[in-house]
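Student: I have a chain to study and some questions ready. Can we go through them one by one?

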Amino acid sequence: MLPFLAKELVVTESPLYSECIFDKLTDSIFSSDHFLIVSGLEFVSGLCEKPGNHSTLVDRLKPSHYSRFSQLLLVPDVRLLHTTLNTLYNLTAIDKVPCEQLLALPHFIKLLIKLLSVSADQLRHDGIKIMSFKKNFVSKDPPESLGTVC
């Protein structure tokens, strides 16, 4: 994905075009590759900047996308955390539906509150360990340094 192009795209122009973009976007976000995930998140943020994309984003992003966003908040990687939070901020600024989707996730508010108590040292230390295992860096269990939030 090329996140810098997202700010110029209007994905509602053609249903086939829109479907193709969102298939690639979903592949990126659900990838196990760190750089594809970050690129996909930045692409979503870029799409949020163009008002013509707002209704398409609201319609195309499913509960599974929002669930994935919350999973990514558990990865102790500063860049991924920042990009995910920025994406969530941009999505929630365009409509109330993304807010409702996030609030529907179990323990999402607890997760955000828990993130407030995480120090930069915890992210840096665990992030270094995690990056050495790139293939499986997104675990289903929350990292020990963040504690249990679910």
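Student: Is C48 buried or exposed?
Tutor: Keep in mind that this model is predicted. A residue counts as buried under 20% relative accessible area. C48 has 6%, so C48 is buried.

Student: And C99, what does C99 count as?
Tutor: The relative accessibility of C99 is 28%. Partly exposed covers the range between 20% and 50%. So C99 counts as partly exposed.

Student: How many disulfides does the structure hold?
Tutor: A disulfide is a covalent bond between the sulfur atoms of two cysteines. To count here, the two sulfur atoms must lie within 2.5 Å. In this structure the number of disulfides is zero.

Student: What is the secondary structure of the chain?
Tutor: Read along the sequence, the pattern is α-α-α-α-α-α-α-α-α. There are zero strands. The helices come to nine.

Student: What share of the chain's residues count as buried?
Tutor: The chain has 150 residues. Buried means under 20% relative accessible area. The share that counts as buried is 41%.

Student: Which residues of helix α5 are buried?
Tutor: Helix α5 spans residues 63-72. Its buried residues pack against α2, α3, α4, α6, α7 and α8. They are H65, Y66, R68, F69, S70 and L72.

Student: Where does S18 lie, and which residues does S18 touch?
Tutor: S18 lies in helix α2, residues 15-29. Its relative accessible area is 4%, so S18 is buried. Leave out residues up to four places away in sequence, and S18 touches V11, T56 and R60.

Student: Which residue forms a salt bridge with R79?
Tutor: The count comes to one salt bridge. The pair links distant parts of the chain, with R79 in helix α6 and E42 in helix α3, 37 residues apart. The closest N and O atoms are 3.1 Å apart, and the partner of R79 is E42.

Student: Why do R79 and E42 count as partly exposed?
Tutor: Partly exposed means between 20% and 50% relative accessible area. R79 has 42%, so R79 fits. E42 fits too, because its relative accessibility is 29%.

Student: Which residues make the nonpolar surface patch?
Tutor: Start with L103, which lies in helix α7, residues 96-103. Exposed means over 50% relative accessible area. L103 has 57%, so L103 is exposed. The patch covers about 310 Å² and is made by L103, I109 and I113.

Student: What is phi of H107 near?
Tutor: Most residues other than glycine have a negative phi. H107 lies in the loop between α7 and α8. H107 is partly exposed, because its relative accessible area is 35%. Its phi is positive, near 65 degrees.

Student: Among contacts between residues at least 6 apart in sequence, what share joins residues at least 24 apart?
Tutor: The salt bridge of R79 and E42 links distant parts of the chain, 37 residues apart. Now take the contacts between residues at least 6 apart in sequence. The share joining residues at least 24 apart is 73%.

Student: What share of the accessible surface belongs to carbon and sulfur atoms?
Tutor: The accessible surface of the chain comes to about 8,400 Å². Carbon and sulfur atoms hold part of that surface. Their share is 59%.

Definitions and conventions: Residues are numbered from 1 along each chain as its sequence is written. This is a predicted model: local features need pLDDT of at least 70, side-chain atom pairs count only at pLDDT 80 or more; totals for chains, interfaces and linings use all residues. Side-chain values use heavy atoms; hydrogens and water are left out. Buried means under 20% relative accessible area, exposed over 50%, partly exposed in between (1.4 Å probe, protein chains only). Patches are made of residues with over 30% relative accessible area and no salt bridge: like charges are joined within 9 Å, nonpolar side chains (Val, Leu, Ile, Met, Phe, Trp, Tyr) within 5 Å. Accessible areas come from the Shrake-Rupley method with a 1.4 Å probe; for residues, only the protein chains shown count as cover. A salt bridge is a side-chain nitrogen of Lys or Arg within 4 Å of a carboxyl oxygen of Asp or Glu. Helices (H or I, at least four residues) and strands (E, at least two) are DSSP runs, numbered from the N terminus. Contact means heavy atoms within 4.5 Å.
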